[in-house]
Amino acid sequence: MITSVAYQLQNYPGGRLDAIARGPYQLAVVDLARDAHTDWFTAAEIGALRRSGKRVLAYFEIGSLENFRPEYPVVRRGAPDLLANEWASWPGEYFVRYWDSRWWNRVVRPRVDQALRAGFDGVYLDTPLAYEEISPRYAQGRDRQRLAADMAALIERISRYAKARRPSFLIVPQNSPELRAQRGYLAAVDGIGMEELFYLATDVRCARDWCAENLAHTRALRDAGKFVLAVDYAERADHVRAACRHYRAERFAGTVTVLALDRLTARVRQGRPRRAGATPQSKGPDGCVQRSESSAWATWA
């Protein structure tokens, strides 16, 4: 069972994955490329990380496209109608018509192929929430129910394509756990990454109505046998400890980190620390332990 996670998408020290390899993680989520462009992590690099005892997932978006990604000028020049409204929260990132076959052929399939070539254990698929965020102006008459079904169909297509080439390949979408109700979704995924179940960026307790809804859907996925990678954004020590308590109670793997995802910050696992010399610097009454290396990590005492 996966219980410990590293999640870093940029600012790899020296452009290398050594810090993650040294860390006490069972699973790591990293970008396909060290520069988020075309400097792809190689099969040798991913192989070395895997030999350190970790499964490694390749991060990329499936419902949006950032303007610094290598596919952006290609899409802008050759298929500009694939691009929809800009994401207000992330300037320079655009939702896309993800149901269009050109999106699969020009962007998604090549990214899956790159992950397979590099020897990743699976993919970590961000922005399924595009089905909720794309403007009706670009939806070509689709309502939200149809958009949700189309997103589930894309995830299923990724799963079918990748697992035909490597049956053990892991499919892990991030967020939108309500897609579990869509046909084909549950069988297509191995786990789910969930941001902000307990703390919104940054250090804000998740108390909105949708927080409870997300947690209920996530629990249902867990109970269906899917692993959960929880990602919360907090820096205060008491909030990190509180997130640790939640992960332990919910049987989630998790990491408490920073929104930029530019460094290793926190790591959570159930059970007792296994690493020799893992002497905690501080220990809260809940039994969640933090330790600082080049970063901090948390485990269960």
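This is a stop-by-stop tour of a predicted model, with a selection to make at each stop.

**Stop 1: helix 3 against helix 4**

Select residues 71-78, which form helix 3, and show helix 4 with them. The two helices pack at an angle of about 155 degrees, and their axes lie 10 Å apart. Angles over 145 degrees count as roughly antiparallel, and helix 3 and helix 4 are therefore roughly antiparallel to each other. Now show side chains at the contact: helix 3 brings Glu 71, Val 74, Val 75 and Gly 78, and helix 4 brings Arg 106, Val 107 and Arg 111. By class, this contact divides into three nonpolar residues, one polar and three charged.

**Stop 2: helix 4 against helix 6**

Keep helix 4, residues 101-118, and add helix 6, residues 144-165. Here the packing angle is about 40 degrees and the axes are 11 Å apart. That angle makes helix 4 oblique to helix 6. The crossing of helix 4 past helix 6 is right-handed. On the helix 4 side, select Trp 103, Trp 104, Val 108, Arg 109, Val 112, Asp 113 and Leu 116. On the helix 6 side, the partners are Leu 154, Arg 157, Ile 158, Tyr 161, Ala 162 and Arg 165. Nine residues of this contact are nonpolar and four are charged, with no polar residue.

**Stop 3: the largest cavity**

Next, look for enclosed space. How many cavities of 30 Å³ or more does a search of the whole structure find? The search returns one. The largest cavity holds about 60 Å³ of space. To see its walls, select Asp 31, Leu 32, Ala 33, Ala 36, His 37, Trp 40, Tyr 59, Phe 60, Arg 69, Pro 70, Glu 71 and Arg 111. Seven of these lining residues are nonpolar, one is polar and four are charged. Two names return from the first stop: Glu 71 of helix 3 and Arg 111 of helix 4 also line this cavity.

**Stop 4: the largest pocket**

Turn now to the open space. The largest pocket has a volume of about 1,100 Å³. Its lining counts 41 residues; to find the centre, select Trp 87, Trp 90, Asp 126, Asn 175 and Glu 195, which lie nearest to it. Then colour the elements that each supply at least two lining residues: strand 3 (55-61), helix 5 (130-133), strand 9 (191-195) and helix 8 (209-223). Which of the elements gives the largest share of the lining? Helix 8 does, with four residues. The lining as a whole has 18 nonpolar, ten polar and 13 charged residues.

**Stop 5: Glu 178**

Select Glu 178, in the loop between strand 8 (170-173) and helix 7 (185-188). Leaving out residues up to four places away in sequence, Glu 178 touches Tyr 131, Glu 132, Asn 214 and His 217. Add Leu 221 and draw a distance between C-alpha atoms: Glu 178 and Leu 221 are 43 residues apart along the chain, and these atoms are separated by 9.4 Å.

**Stop 6: backbone details**

Go to the loop between strand 10 (199-200) and strand 11 (204-205), where Thr 202 is found. The peptide bond joining Ala 201 and Thr 202 is cis, with omega about -10 degrees. Asp 203 also has its place in the loop between strand 10 and strand 11. Asp 203 is not a glycine, yet its phi is positive, about 65 degrees.

For the last selection, take Leu 261, in the loop between strand 13 (253-257) and strand 14 (282-283). Leu 261 likewise has a positive phi in a residue other than glycine, with a value near 50 degrees.

Terms used: Residues numbered from 1 in each chain as written. Predicted model: local features only at pLDDT ≥ 70, side-chain atom pairs only at ≥ 80, totals over all residues. Heavy atoms only, no water. Axes fitted to C-alpha atoms, helices over the stretch in contact; angles between N-to-C directions. Parallel < 35°, antiparallel > 145°, perpendicular 65-115°, else oblique. Left-handed = near helix turned anticlockwise from the far one by under 90°. Contact = heavy atoms within 4.5 Å. Nonpolar A, V, L, I, M, F, W, Y, C, P; charged D, E, K, R; others polar. 1 Å grid on protein atoms, 1.4 Å probe; cavity = no way out; pocket = protein on both sides within 12 Å on 5 of 7 lines; lining within 4 Å. Points joined across faces, edges and corners; volume = space filled by probe spheres on them.
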